[in-house]
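User: I should like to go through the strand pairing and a few loop residues of a protein model. Please reason briefly and close each reply on the item requested.

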Amino acid sequence: MNEPTVVSIEADPPLVVFLDGLGGGSVFESLVDGSPTEFQVVDREIIDSTSGSLWNAAGVATGGPKMGTELTMYPSRSSFWFAWVDINHPTTVDLVR
């Protein structure tokens, strides 16, 4: 049996990319070249607010001054809510729009 892995996420907050329609996503450290960076979605594109670079769902800058830079990916997994809350009760979810 595999042992669970617990990862301490130092980034505050981490960048979480959810792939709509695919049921999964990825979690990244939100540091670019060692500096905390905020990301936003504009016209379905992930853009960092510092350099204006474009990023893909794999955490790689695909355009702009940071092109080719890769974010550090954290291990993560998707789960059905009913399974998660059954094992990890109580759980609090904060929805930010």
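User: How many bridges join strand 1 to strand 2?

Analyst: The model is a predicted one. Strand 2 covers residues 24-28 and runs antiparallel to strand 1. One of the pairs is Leu19, whose bridge partner in strand 2 is Gly24. The number of bridges joining strand 1 to strand 2 is five.

User: Which strands stand at the edges of the open sheet?

Analyst: The open sheet consists of three strands with antiparallel pairing, in the order 1-2-9. Each edge strand has a single partner strand, so one side of each is left without a neighbour in the sheet. The edges are strand 1 (15-19) and strand 9 (73-74).

User: Is Asp33 buried or exposed?

Analyst: Asp33 is placed in the loop between strand 3 (31-32) and strand 4 (35-36). Although Asp33 is not a glycine, its phi is positive, about 55°. Most residues other than glycine have a negative phi. With a relative accessible area of 56%, against a cut-off of over 50%, Asp33 is exposed.

User: Which residue has its backbone oxygen 2.8 Å from a polar atom of the side chain of Thr69?

Analyst: Thr69 belongs to the loop between strand 8 (61-63) and strand 9. Leaving aside residues up to four places away in sequence, Thr69 touches Val32, Asp33, Trp55, Gly59, Val60 and Ala61. The backbone oxygen that lies 2.8 Å from a polar atom of the Thr69 side chain is that of Lys66.

Technical notes: Residues numbered from 1 in each chain as written. Predicted model: local features only at pLDDT ≥ 70, side-chain atom pairs only at ≥ 80, totals over all residues. Heavy atoms only, no water. Helix = DSSP H or I, 4+ residues; strand = E, 2+ residues; numbered from the N terminus. Buried < 20%, exposed > 50% of the residue type's maximum accessible area, 1.4 Å probe, protein only. Pairing = 2+ DSSP bridges. Polar contact = N/O pair within 3.5 Å; in protein donor to acceptor, adjacent residues only side chain to side chain. Contact = heavy atoms within 4.5 Å.
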